[in-house]
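Dear colleague,

I am passing the structure below on to you, and after it I have set out what was found. Please read the notes with the coordinates open beside them.

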Amino acid sequence: MSHSNDQATVASGKLGIWMAIALVMGNMVGSGVFLLPQGLAPFGWNAIAGWVITIAGALCLAHVLARLSASHERAIGPAELVEHSFGPLAGFLIGFSFWVSVWTGCVTIAVGAVSYMASFWPLLGAHPSLAALGVIWLMTGINLLGVRSAGSFQVVTTVLKLTPLVVVAIVIGLVLSQQGMTALAPYPAEGLSLPSVNAAAAMTLWAMVGFEAACAASHKIDNPQRNVARATFYGALFTGIIYLIVCSGITLMLPADKVALSNAPFELFVSTFWSPGPASLVALFAAISAIGAVNGWTLVQGEVPLEMARRRMMPAWFGKTRENGVPVNGLLAATVLGSILIFANSSQTMGGLFTFMALLTTSVTLWLYLACACVALKQKIAVPYAVAGLLFGVWSLWGAGPVASGLSVVLMVSGLPLYWWARRSSLPVNDLSASTS
């Protein structure tokens with residue numbers, strides 16, 4: 001991108017290609033990757049196979065989303081993609097379920113951020129619900145300042161959050177160069193177990209959720225026909241490669257029983273193969289990682305209902321924006337709903353709340369992935385990738401279990417009164433873009 005284009009992007013107040021990639025990677029690299037080695041440790045090499053399947057499936061779906069976005073001459077969100085192929089009701093159900101997944105995801109990642117910060121600020125651990133509320137409202141405040149403020153914050157936090165991942169990757173390379181394959185746990189004589197691979201893949205999917213962020217915020221991205229597709233695919237690709245290297249190294253190079261009992265597996269790895277001093281910084285970087293992801297999801301959670309309101313899929317109230325273009329009503333509504341969710345589950349332990357919310361968020365998001373794969377099949381776009389993505393999505397939804405999958409359906413249809421209210425409204429679409437201070 002030329003310097004003149006950079007200046008034009010800044011002047012337009014939209015996100016350029018690097019900010020868009022940072023949005024995707026920032027939304028994907030949240031708190032999940034820093035917690036996953038603990039749960040994946042018992043699976044050993046099966047976890048590596050689970051990662052490969054999950055990353056391959058996510059890249060197929062990311063490619064489908066990228067091709068669908070590039071096939072339109074203007075910015076278009078995931079719900080509108082579904083609406084064009086299957087009608088307004090289907091578009092609303094998918095758009096609303098995605099919006100639910102965004103603000104539940106914000107809560108999930110905020111809880112993860114608090115758990116990391118509590119390691120060096122114990123007072124937060126004594127009041128996790130209040131601390132999580134503080135995180136989501138702080139990020140809401142930043143996003144209310146405008147998309148450029150949120151985008152700049154996302155670039156900074158993405159660079160910072162990648163630091164511990166890069167450090168661990170370098171340490172893995174150094175250890176392997178010195179010890180060779182003997183540094184890794186031996187490959188099981190009985191081979192891989194399909195049930196274990198399935199269970200591991202279901203866990204890793206939470207860490208890959210978020211590659212659709214650029215598509216959902218396409219109206220805020222400069223040159224969306226080109227940049228949304230590039231940001232979606234390359235953001236997912238870069239993140240997946242980092243995950244595979246780092247999590248595989250921790251899972252295979254440390255004793256499984258020690259990793260399974262550690263609340264900070266990254267810190268344990270750095271302390272074991274380097275020094276306790278640098279390891280003490282891992283919790284700080286993990287907290288920064290989670291906070292950056294909350295910021296990215298907060299930006300998206302205002303854009304989704306805004307885009308739906310402009311197409312009369314949501315009440316006009318969600319389509320009101322401030323002078324700086326921020327959809328204040330949708331943004332605040334999502335944050336309030338997230339706050340209610342935190343209060344409703346305040347009796348749960350930190351780990352229990354995180355596990356439940358991660359599984360629920362993943363299940364709700366899967367419906368968006370499945371719908372977009374169906375759109376691609378109907379339009380005959382990227383058909384092989386759409387078939388692979390559809391199979392992967394169904395397999396993942398089954399692996400999530402009946403409770404999470406069933407609740408995701410309940411949450412999806414719970415928004416139908418809003419849809420009927422919006423469709424009965426006689427307010428012209430053009431009036432929805434009116435700004436309010």
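**Overall make-up**

The protein chain comprises 21 helices and 0 strands, where helices (H or I, at least four residues) and strands (E, at least two) are DSSP runs numbered from the N terminus. Please keep in mind that this is a predicted model, in which local features need pLDDT of at least 70 and side-chain atom pairs count only at pLDDT 80 or more, while totals for chains, interfaces and linings use all residues. Residues are numbered from 1 along each chain as its sequence is written, and side-chain values use heavy atoms, with hydrogens and water left out.

Of the 437 residues in the protein chain, 57% are buried; here buried means under 20% relative accessible area, exposed means over 50%, and partly exposed lies in between (1.4 Å probe, protein chains only). The accessible surface of the chain comes to about 17200 Å², and 69% of that belongs to carbon and sulfur atoms; the areas come from the Shrake-Rupley method with a 1.4 Å probe, and for residues only the protein chains shown count as cover. Among the contacts with a separation of 6 or more, 83% are between residues 24 or more positions apart, a contact being heavy atoms within 4.5 Å.

**Pairs distant in sequence**

Two pairs illustrate such separations in sequence. Asn-143, in helix α8 (residues 128-144), is buried at a relative accessible area of 5%, and its C-alpha is 7.1 Å from that of Thr-298, although the two are 155 residues apart in sequence. Gly-16, in the loop between α1 (3-12) and α2 (17-28), is likewise buried, at 12%, and its C-alpha lies 7.6 Å from that of Asn-227, with their positions 211 residues apart in sequence.

**One helix face and one surface patch**

In helix α14 (residues 265-273), the buried residues are Pro-265, Phe-266, Phe-269 and Val-270. Seen down the axis of α14, these residues fall within an arc of 135 degrees, so they line one face of the helix; the arc is that of the directions from the helix axis to the C-beta atoms.

On the surface, Phe-120, Trp-121, Leu-123, Leu-281 and Leu-284 make a nonpolar patch of about 510 Å², and Trp-121 sits in the loop between α6 (88-117) and α7 (122-126). Patches are made of residues with over 30% relative accessible area and no salt bridge, like charges being joined within 9 Å and nonpolar side chains (Val, Leu, Ile, Met, Phe, Trp, Tyr) within 5 Å; a salt bridge is a side-chain nitrogen of Lys or Arg within 4 Å of a carboxyl oxygen of Asp or Glu.

**Backbone between α18 and α19**

Most residues other than glycine have a negative phi. Lys-380, in the loop between α18 (350-379) and α19 (383-400), has a positive phi of about 55 degrees although it is not a glycine, and Ala-382, in the loop between α18 and α19, has a positive phi of about 50 degrees. Lys-380 is exposed at 68% relative accessibility, whereas Ala-382 is buried at 8%.

**Cysteines**

A search of the whole structure finds 0 disulfides, a disulfide being a pair of cysteine sulfur atoms within 2.5 Å. The sulfur of Cys-374 is 9.3 Å from the closest cysteine sulfur, which belongs to Cys-372, and this is too far for a bond. Cys-374 is partly exposed, at 30% relative accessibility, while Cys-60 is buried, at 16%.

With best regards
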